[in-house]
Amino acid sequence: MGTCSDKGWTYYSLRKGHRPPKVMSWPLALCLLTLVFLNQKKTLGQTMNTFQSERREWPLNHLTVHQSTGTLYIGAVNRIYKMSANLTLLVSHDTGPEYDNKACYPPLIVQPCSEPLASTDNVNKLLLIDYSHNRLLACGSLYQGICKLMRLDDLFILVEPTHKKEHYLSSDNQTGTMYGVIVPSQGQDATLYIGTAVGGKQDYFPTISSRKLPRDPESSAMLDYELHTDFVSSLIKIPSDTLALVPHFDIYYIYGFSSGAFVYFMTVQPETPENGMPAGGSPGDLFYTSRIIRLCKGDKKFHSYVSLPVGCVHRGEEYRLLQAAYLSKAGRVLAKSLNISAQEDVLFAVFSKGQKQYHDPSDHSALCIFTIQAINMRIRERLQSCYQGEGNLELHWLLGKDVQCTKAPVPIDDHFCGLDINQPLGGSQLVSGRTVFTERRDRLTSVTSYLYNGHNVVFLGTRSGRLKKVRAATSCIVTQTLTSIKSLLKPIRTDENNLPYQQFRCFSE
């Protein structure tokens with residue numbers, strides 16, 4: 001399984017001995033990995049594989065696990081790896097280094113660059129499986145964020161689009177956050193939703209967009225915007241005026257997912273002067289807001305774009321700096337306490353305390369639970385209020401001014417996807433989750449979960465490299481700090497009534 005820290009993950013696979021529950025082959029597909037050469041170790045009487053990239057300075061950045069086969073795909077600096085579930089290396093694909101210059105704007109085939117080129121690492125920034133077409137989408141930092149589609153079986157390159165400006169997705173910022181969501185469509189081409197930090201190149205790169213993923217990898221429409229005209233497009237850009245006012249402004253995409261009829265992104269971004277943030281200054285002077293963004297699937301005009309602040313409050317303390325999130329099914333036990341069905345989606349999110357120091361967050365952090373049902377209800381209330389003509393659009397970073405909501409006599413239900421008025425729409429009322437666990441000394445940095453006997457078991461990675469196992473419920477959770485691989489594999493101990501033993505610490509409101 002694994003250990004976690006700010007420096008990354010070490011990913012283990014147990015080959016003999018204690019066998020985890022079936023879903024335990026993937027629950028640690030959480031975050032960043034750091035590893036180098038394949039070897040074997042003897043730990044607790046078990047044979048254990050570890051994997052690390054061939055150079056220490058080439059850490060692993062992303063991991064995705066095939067939901068059917070359990071095959072691992074790992075994005076690293078200059079490499080993409082395909083591995084079996086027991087960490088046997090199957091295929092390695094080179095992505096760099098190559099000659100590049102950050103000052104060169106693509107596409108190079110159209111605009112040759114006169115800047116001096118130097119050998120440059122290619123940092124993997126996005127790794128997604130397109131299940132409907134049996135292929136892998138991998139995007140890196142070279143050439144302002146070039147992507148390639150590869151066959152899942154052998155990582156053979158199906159296409160590497162480079163001929164259009166739209167083919168470059170994320171700028172060359174090697175540390176900037178990027179998240180993508182692939183939405184398949186029955187009988188039609190899939191859609192790729194991309195949110196990315198633009199690194200000051202807002203005129204060139206949209207902060208969020210939706211792209212075409214045709215079945216034919218050689219289609220001329222590959223990665224084109226779903227819609228792009230002089231008046232309306234499937235994208236949103238950060239205005240130059242915003243960067244002139246707040247030079248360090250960017251939107252950091254921490255997580256993304258689809259649920260029901262919608263696509264969601266979770267972000268962290270500086271507040272605008274309208275909300276009391278000092279203009280200019282250093283990043284340390286800025287206040288940040290974590291937000292949840294929602295779009296309707298199939299909304300090519302982005303009329304349904306809604307952005308609301310998200311976080312949680314516990315005993316008067318605010319947790320507003322998002323560190324990580326994970327979408328899961330509620331499970332029987334948690335669903336009962338939340339008064340929802342066991343198959344409904346819930347969101348586990350980890351926040352650091354406060355709204356400053358995004359780049360150096362507080363160790364005081366919290367795990368919070370959100371139901372997608374409650375998030376949608378808050379968004380519906382915001383839409384209803386605005387379409388009754390109440391207040392402003394509250395999206396100052398994009399609009400640059402207060403824009404009054406326009407009254408429109410239209411029904412706003414759970415399926416409403418916006419009109420050409422009152423869009424895009426922001427808000428200032430917090431979508432508040434339920435705090436179920438806090439950590440004061442060792443910041444929570446990552447989260448995932450799986451279902452075991454109806455319980456939602458959550459794994460939390462910390463800054464120092466520890467892993468906490470949590471049984472989540474809203475009134476009380478049971479926690480266990482893992483000190484060994486053996487303890488990781490054990491479910492949280494329960495009695496004959498499937499209730500946790502009391503020696504585990506119980507946290508409640």
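How many helices and strands are there in the protein? In this predicted model, the protein holds five helices and 32 strands. That count is a helpful starting point for a reader meeting the structure here, and the overall figures come next.

The protein has 509 residues, and 57% of them are buried. Among the contacts whose partners have a separation of 6 or more, 58% join residues 24 or more positions apart. On the outside, about 21700 Å² of the protein is exposed, with 48% of that area supplied by carbon and sulfur atoms.

With the overall picture in place, one set of paired strands can be followed. Strands 15, 16, 17 and 18 make up an open sheet of four strands, arranged in the order 15-16-17-18 with antiparallel pairing. Its edges are formed by strand 15, covering residues 178-185, and strand 18, covering residues 235-236, each of which pairs on one side only. Strand 15 meets strand 16, residues 188-196, through seven bridges in the antiparallel sense. A single position helps to trace this pairing by eye: V183 has T191, in strand 16, as its bridge partner.

Another residue worth visiting is S449, found in strand 28, which spans residues 444-452. Is S449 buried or exposed? With a relative accessible area of 1%, S449 falls under the 20% cut-off and is therefore buried. The side chain of S449 takes part in polar contacts with two other side chains, listed here in turn. One is with the side chain of S328, at 3.1 Å. Another is with the side chain of N456, at 3.3 Å. A reader can thus find S449 within strand 28 and look from there towards S328 and N456.

The last stop is the empty space inside the protein. Rolling a probe the size of a water molecule over the atoms shows where such space is left. Three cavities of 30 Å³ or more are present in the structure, and the largest cavity contains about 140 Å³ of space. Which residues lie closest to the centre of the largest cavity? Its lining has 17 residues, of which T95, N122, G140, I146 and K148 are the closest to the centre. Two elements, strand 12 (135-140) and strand 13 (147-151), each give two or more residues to this lining.

Terms used. Residues numbered from 1 in each chain as written. Predicted model: local features only at pLDDT ≥ 70, side-chain atom pairs only at ≥ 80, totals over all residues. Heavy atoms only, no water. Buried < 20%, exposed > 50% of the residue type's maximum accessible area, 1.4 Å probe, protein only. Contact = heavy atoms within 4.5 Å. Areas by Shrake-Rupley, 256 points an atom, 1.4 Å probe, with all protein chains shown as cover. Polar contact = N/O pair within 3.5 Å; in protein donor to acceptor, adjacent residues only side chain to side chain. Pairing = 2+ DSSP bridges. 1 Å grid on protein atoms, 1.4 Å probe; cavity = no way out; pocket = protein on both sides within 12 Å on 5 of 7 lines; lining within 4 Å. Points joined across faces, edges and corners; volume = space filled by probe spheres on them.
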